[in-house]
Amino acid sequence: MTADDALATWQAAETFRSRGQLPEAGAAYTRLAAHADWQAPARLRLAQLALARGDLREGVAQALLARDADESDPVVLEAIVELLCQVGELEAALSLAQSPALANAPDPAVQMGVGQRLQDQSFPAEARFFLKRARALGGDSPGLHYQLGLSALYAGDHDEANTAFEACLARQPLHAAAHRQLAKLRRATPEANHVARLRAAIASVPADYPDAPPLHYALFKELDDLGDTEAAWAALEAGMQSRRRQVSFDPAQEQAVFDRLMLVDGQGANTQAQEGPAPVFILGQPRSGTTLLERILAGADDVADAGELRDFGFQVRWCANTMGRPGPDLALLEAAEKIDPAELGQRYLGHTQWQARGKRLYTDKLPANFLWLGHIARALPQARFLHLVRDPMDVGFSNLKELFADAYPHSYDQVEMAGHLRRYQALMAHWHAAFPGRILDVAYDALVTDPEATARRVLDFLGLPAQAGLADIAGRQGAVATASAVQLREPVHRRFVGQWRRYERHLQPLQDALGAGSGPAGAG
């Protein structure tokens, strides 16, 4: 095929794709994939077509072939990085992102695109390189300054984060996410706060403004810091109601998923542990202390902190060849019953052991992995589980006052939050019964009251020797890319124990729905 023929074939394939003639487009892209100069874009398109028809395995295979092609066009390479992230091939995405063709790309938009992809996948240190390159190349958009602020926040540079978020607002005064991050960055005081600016921003937008929720949550945070609990609650309630109208959540559907999970047990589990570093899953409810525990364990000589990995859900879907979000749904759980646990475990380890950085153990700190605990235990006999247990009113309120990006849709209504917590408690009790000895409950109150003793107990459970000084987290290096990024730069404290009592009158619906007899959230 000559160069002219190849170009004509590409143009024909693109026309077929735009018209919805996907078999014809696929045939043309397949012919192009044999041409050295067109391998990468052709494989990229073949991967996209496979995903569009629901063939995840073929999509992953084509994405990896696109990664391996000889390609120097930064725009094509950025698209491949995005695709690899989409299908859960994060090690491949990170490796490609760090190739000279992308690292030295002269286009600030490409640099920002790669940086944002890596930041979204919890690689904040690597993302920061690209974002700073984008700025050095002349990038000056509100979005770039916002991403720079996030990368500085995750790195612990709060002054730089403040400067970047303010630069974002100077270019886009109603950038709600920047307002939200500035509120979280520091404790508001009567002398230094953004209350007037936030109120003005809220007053300037209609009630159904899509980005209204972050503004209300930011105002709540600052008024809460200032001790104005009545005004703070009014702001939080407005934010929750606004966000609840935007998300889709069906308690009955969640109950059906939990009921299906309660059927999972240890029968037919994989019993052959694979060699190499072993994962330690830190899980539970969000805002229950999972990040704090990981931060403490990161000081241990034999433990690497890998952060919030989404790999297990990705690999369940690969094994089932089923498209969708990483979390479980009824269709995926039905398909998962036919999965070979050994293959699933091998896939997971193959995609995560590189994060151990030469250490014996590595943490996977995605709180929602409590849903997958049974499948993880069946697939990975060497895995251990650290389950954070926190007072249900404290963890419920902490979830209600946190605005999550695209997860936890039950957390914007008190009764729905309580229903989720009750289902979660029942599921954790089932996991304890089905996999005895595999799960260690770690009480949040004990973790913040006596972190050294709690750390010794955790290390003993993991088969590691005691190690002093693990609770000294304030000066510990390393990025923290979670909602707790600010708190994890402080010494361990008890400030959030019993925090809900300041709003006890307003939280009566949560308390009533939980029931007077409910114990610590998730206790088995």
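**Exercise 1. Count the disulfides, then classify Cys168 and Cys319 by burial.**

Step 1. The count comes to zero disulfides, a disulfide being a pair of cysteine sulfur atoms within 2.5 Å. This is a predicted model, where local features need pLDDT of at least 70, side-chain atom pairs count only at pLDDT 80 or more, and totals for chains, interfaces and linings use all residues. Residues are numbered from 1 along each chain as its sequence is written, and side-chain values use heavy atoms, with hydrogens and water left out.

Step 2. Apply the burial classes: buried means under 20% relative accessible area, exposed over 50%, and partly exposed in between (1.4 Å probe, protein chains only). Cys168 has a relative accessible area of 0%, so Cys168 is buried. Cys319 is at 11%, so Cys319 is buried.

**Exercise 2. Find what links Glu160 to Arg128, and place both residues.**

Step 1. The link is a salt bridge, with the closest N and O atoms 3.0 Å apart. The term covers a side-chain nitrogen of Lys or Arg within 4 Å of a carboxyl oxygen of Asp or Glu.

Step 2. Glu160 lies in helix H11 (residues 158-171) and Arg128 in helix H9 (residues 124-136). The two are 32 residues apart, so the pair links distant parts of the chain. Helices (H or I, at least four residues) and strands (E, at least two) are DSSP runs, numbered from the N terminus.

Step 3. Glu160 has 23% relative accessibility and therefore counts as partly exposed. Arg128, at 15%, counts as buried.

Step 4. Set the pair in context. A search of the whole structure finds 22 salt bridges.

**Exercise 3. Which residue forms a salt bridge with Glu230, and where does that partner lie?**

Step 1. The partner is Arg505, with the closest N and O atoms 2.9 Å apart.

Step 2. Arg505 sits in the loop between helix H25 (451-461) and helix H26 (508-514). Glu230 belongs to helix H15 (residues 229-244), 275 residues away in the chain.

Step 3. Glu230 is partly exposed at 44%. Arg505 is exposed at 58%.

**Exercise 4. Is Arg317 buried or exposed, and which residue does its side chain meet in a salt bridge?**

Step 1. Arg317 is buried, with a relative accessible area of 3%.

Step 2. The side chain of Arg317 meets that of Asp329 in a salt bridge (2.9 Å, N to O). Arg317 is in helix H18 (residues 311-320), and Asp329 is in the loop between H18 and helix H19 (330-336), 12 residues apart.

Step 3. Asp329 counts as partly exposed at 30%.

Step 4. Elsewhere, shared partners join Glu14, Arg17 and Arg45 into one salt-bridge network.

**Exercise 5. Describe how helices H14 and H15 pack.**

Step 1. The axes of H14 (residues 212-225) and H15 come within 8 Å and cross at roughly 160 degrees. Axes are lines fitted to C-alpha atoms, for helices over the stretch in contact, and angles run from 0 to 180 degrees between N-to-C directions.

Step 2. That crossing makes H14 roughly antiparallel to H15 (angles over 145 degrees).

**Exercise 6. In which sense do strands E4 and E5 pair, and how enclosed is E5?**

Step 1. E4 (residues 384-389) and E5 pair in the parallel sense over five bridges. Pairing requires at least two DSSP bridges between the strands.

Step 2. Val389 stands opposite Ala443 in E5.

Step 3. Four of the five residues of E5 (residues 439-443) are buried, so E5 is largely enclosed by the rest of the structure.

Note on methods:
Angles under 35 degrees count as roughly parallel, over 145 as roughly antiparallel, 65 to 115 as roughly perpendicular and the rest as oblique.
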